[in-house]
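Student: I'm new to this one. Could you show me how to read it, feature by feature?

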Amino acid sequence: MGRILFLVVLALLGWVFFKSWQRKQLGDKPSANPQQKQGLGRNPVENILPCKHCGAYSPMHEGVMMQGRFYCGLDHAKAAGEKIH
Ligand SMILES: [Zn+2]
């Protein structure tokens with residue numbers, strides 16, 4: 001019985017060492033980075049801001065930002081008196 005237990009522990013230790021060796025061979029970065037990249041790269045919640053002119057909410061990429069003021073379009077930025085070059 002003791003010998004079997006010893007063999008099982010030895011096998012487990014060998015497996016753990018093999019896994020850690022495998023991880024080193026692959027490099028720690030590929031296994032750690034995808035999660036970080038997913039966390040940083042993914043941006044499911046886009047900033048939706050109200051237009052300063054009409055108050056309509058638009059995603060940031062659809063509107064224009066003028067000196068910290070958001071407009072749903074260039075027309076409203078102009079209408080609100082923003083100087084567009
Ligand atoms: Zn607007």
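Student: Let's start with the metal. What arrangement do the 4 donor atoms around the zinc ion make, and why?

Tutor: Keep in mind that this is a predicted model. The general idea is to compare angles with an ideal: four tetrahedral donors would ideally sit at 109.5 degrees. Here the 4 donor atoms subtend angles of 96 to 124 degrees at the zinc ion, so the arrangement is tetrahedral. The cut-off behind that call is that all angles lie between 85 and 135 degrees.

Student: Which residues coordinate the zinc ion, and through which atoms?

Tutor: Three cysteines and a histidine: Cys 51, Cys 54 and Cys 72 each use SG, while His 76 uses ND1. The distances run from 1.8 to 2.4 Å. Along the chain, the donors follow the spacing C-x2-C-x17-C-x3-H. One pair links distant parts of the chain: Cys 51 sits in the loop between strand S1 (48–50) and strand S2 (57–59), and His 76 belongs to helix H3 (residues 74–79), 25 residues away.

Student: Is Cys 51 buried or exposed?

Tutor: To read this, look at relative accessible area, where under 20% means buried. Cys 51 has just 4%, so it counts as buried. His 76, in contrast, has 23% and is therefore partly exposed.

Student: How many helices and strands does the chain have?

Tutor: There are 3 helices and 4 strands. Reading from the N terminus, the order is α-α-β-β-β-β-α.

Student: How does the span of helix H1 fit what is expected?

Tutor: The trick is to set the end-to-end reach beside the expected rise per residue. Helix H1 (residues 2–26) has 25 residues and reaches 36 Å from first C-alpha to last, close to the 36 Å expected at 1.5 Å a residue. Just after H1 comes Gly 27, with a positive phi of about 95 degrees.

Student: Where else does a positive phi turn up, in a residue other than glycine?

Tutor: Try Gln 67, whose phi is near 45 degrees. Gln 67 lies in the loop between strand S3 (64–66) and strand S4 (69–71). At 71% relative accessibility, Gln 67 counts as exposed.

Student: Which residues make up the largest nonpolar core?

Tutor: Think of a core as buried nonpolar residues joined through their side chains. The largest one here has 5 residues: Cys 51, Val 64, Met 66, Tyr 71 and Ala 77. Notice that Cys 51 is also one of the zinc donors. As for Met 66, its contacts beyond four places in sequence are Tyr 71, Leu 74, Ala 77, Glu 82 and Ile 84.

Student: What about Glu 82: buried or exposed?

Tutor: Its relative accessibility is 11%, so Glu 82 counts as buried. Glu 82 lies in the segment after H3. Its side chain makes a polar contact with the side chain of Tyr 71, at 2.8 Å. Leaving aside neighbours within four places, Glu 82 touches Met 66, Gln 67, Arg 69, Tyr 71 and Ala 77.

Student: And which residues does Ser 58 touch?

Tutor: Ser 58 is found in strand S2. Setting aside residues up to four places away in sequence, Ser 58 touches Asn 47, Ile 48, Leu 49, Phe 70 and Cys 72. With 9% relative accessibility, Ser 58 counts as buried.

Student: What share of the chain do buried residues make up?

Tutor: They make up 13% of the 85 residues. Among contacts with a separation of 6 or more, 5% come from residues 24 or more positions apart.

Key: Residues are numbered from 1 along each chain as its sequence is written. This is a predicted model: local features need pLDDT of at least 70, side-chain atom pairs count only at pLDDT 80 or more; totals for chains, interfaces and linings use all residues. Side-chain values use heavy atoms; hydrogens and water are left out. Donors are N, O and S atoms within 2.8 Å of the metal (3.2 Å for Na, K and Ca); water is not among the atoms, so sites may look incomplete. Four donors count as tetrahedral if all angles lie between 85 and 135 degrees; four count as square planar and six as octahedral if opposite donors are over 155 degrees apart and all others between 65 and 115; anything else is irregular. Helices (H or I, at least four residues) and strands (E, at least two) are DSSP runs, numbered from the N terminus. Buried means under 20% relative accessible area, exposed over 50%, partly exposed in between (1.4 Å probe, protein chains only). The expected span of a helix is 1.5 Å times one less than its number of residues. A nonpolar core is a set of buried Ala, Val, Leu, Ile, Met, Phe, Trp, Tyr and Cys residues joined through side-chain atoms within 4.5 Å. Contact means heavy atoms within 4.5 Å. A polar contact is a pair of N or O atoms within 3.5 Å; within protein, one must be able to donate a hydrogen and the other to accept it, and residues adjacent in sequence count only if both atoms are side-chain atoms.
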